[in-house]
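Subject: Structure handover

Hello,

Here is the structure you were waiting for. Please open it alongside this message.

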Amino acid sequence: MISWEDFTRVDIRVGTVVEAEDFPGARKPAFRMLIDFGTEIGRKKSSAQLTGLYRSKDLVGRQVLGVVNFPPKQIADFRSECLILGLYAETGAVVLIQPDHPVANGSRVG
């Protein structure tokens with residue numbers, strides 16, 4: 001069990017994908033993305049293994065949930081600055097977690 005305080009230390013925000021492209025340098029098929037998390041957080045880069053269910057052009061404009069307070073992680077020649085949240089489907093493909101109605105970029109979960 002974790003405390004409410006533990007949960008609130010994980011900063012999960014809503015952002016909109018503004019760029020998405022194939023990431024050929026990744027070990028597993030992935031996209032490089034730029035996500036706008038609003039004025040407080042700004043734009044952050046992320047690598048996400050979403051190629052099983054999504055095309056890069058279909059991700060642009062989509063709102064996603066991301067953890068914005070992890071330290072950056074170097075993935076090949078790319079520095080990922082946030083973790084986009086998803087669930088594994090039975091097929092092994094990643095399904096994005098996202099709001100079902102538009103909300104302001106930067107809105108915090110919790």
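Below is what was found, going from the whole fold to the core and then to single residues.

Please keep in mind that this is a predicted model.

Overall fold

The protein has three helices and nine strands. Along the sequence the order is α-β-β-α-β-α-β-β-β-β-β-β. The radius of gyration is 14 Å, close to the 13 Å that the globule rule gives for 110 residues, so the protein is as compact as a globular protein of that length. Along the principal axes, the C-alpha atoms fill a box of roughly 40 × 30 × 30 Å.

As for contacts, take those between residues at least 6 apart in sequence: 58% of them join residues at least 24 apart. Buried residues make up 37% of the 110. The exposed area of the protein is about 7000 Å², and carbon and sulfur atoms supply 53% of that area. The protein carries 14 positive and 13 negative charges, and the mean positions of the two sets are 4 Å apart.

The cores

The largest nonpolar core contains 16 residues. Those with the most contacts inside this core are Val-17, Met-33, Ile-35, Leu-50, Leu-59, Ile-84 and Leu-96. Three elements give two or more residues to this core: β1 (12–22), β2 (31–36) and β9 (94–96). Strand β2 provides the largest share, with three residues.

Ile-35 is a useful place to look at in the viewer. Leaving out residues up to four places away in sequence, Ile-35 touches Gly-15, Thr-16, Val-17 and Val-18, then Gly-42, Arg-43, Lys-44 and Ser-46, and finally Val-64, Cys-82 and Ile-84. Two of these partners, Val-17 and Ile-84, are also listed among the residues with the most contacts inside the largest core.

There is also a second, separate core of five residues, which includes Ile-12, Val-14, Val-67 and Leu-85.

Leu-34

Leu-34 sits in strand β2. Is Leu-34 buried or exposed? Its relative accessibility is 15%, and the cut-off for buried is under 20%, so Leu-34 counts as buried. With residues up to four places away in sequence left out, the contacts of Leu-34 are Thr-16, Val-17, Val-18, Glu-19, Arg-43, Lys-44 and Lys-45. Leu-34 and Lys-57 are 23 residues apart in sequence, and their C-alpha atoms are 13 Å apart in space.

Residues in helices

Thr-39 is part of helix α2 (residues 38–41). Its relative accessibility is 87%, and the cut-off for exposed is over 50%, so Thr-39 counts as exposed. Thr-39 and Asn-105 are 66 residues apart in sequence, with 8.2 Å between their C-alpha atoms.

Asp-58 belongs to helix α3 (residues 56–59). With 34% relative accessibility, Asp-58 counts as partly exposed. The C-alpha atoms of Asp-58 and Arg-27 are separated by 22 Å, and the two residues are 31 apart along the chain.

Residues in loops

Where does Ala-76 lie? Ala-76 is in the loop between β5 (73–75) and β6 (78–80). Ala-76 has a positive phi of about 55°, although it is not a glycine. The relative accessible area of Ala-76 is 48%, which makes this residue partly exposed.

Thr-91 is in another loop, the one between β8 (86–88) and β9. With a relative accessible area of 70%, Thr-91 is exposed. Thr-91 and Gly-52 are 39 residues apart in sequence, and the distance from C-alpha to C-alpha is 8.9 Å.

Regards

Notes: Residues numbered from 1 in each chain as written. Predicted model: local features only at pLDDT ≥ 70, side-chain atom pairs only at ≥ 80, totals over all residues. Heavy atoms only, no water. Helix = DSSP H or I, 4+ residues; strand = E, 2+ residues; numbered from the N terminus. Rg over C-alpha atoms; globule rule 2.2 N^0.38 Å. Buried < 20%, exposed > 50% of the residue type's maximum accessible area, 1.4 Å probe, protein only. Contact = heavy atoms within 4.5 Å. Areas by Shrake-Rupley, 256 points an atom, 1.4 Å probe, with all protein chains shown as cover. Lys, Arg positive; Asp, Glu negative; His and termini not counted. Charge placed at Lys NZ, Arg CZ, Asp CG, Glu CD. Core = buried A, V, L, I, M, F, W, Y, C linked by side-chain atoms within 4.5 Å.
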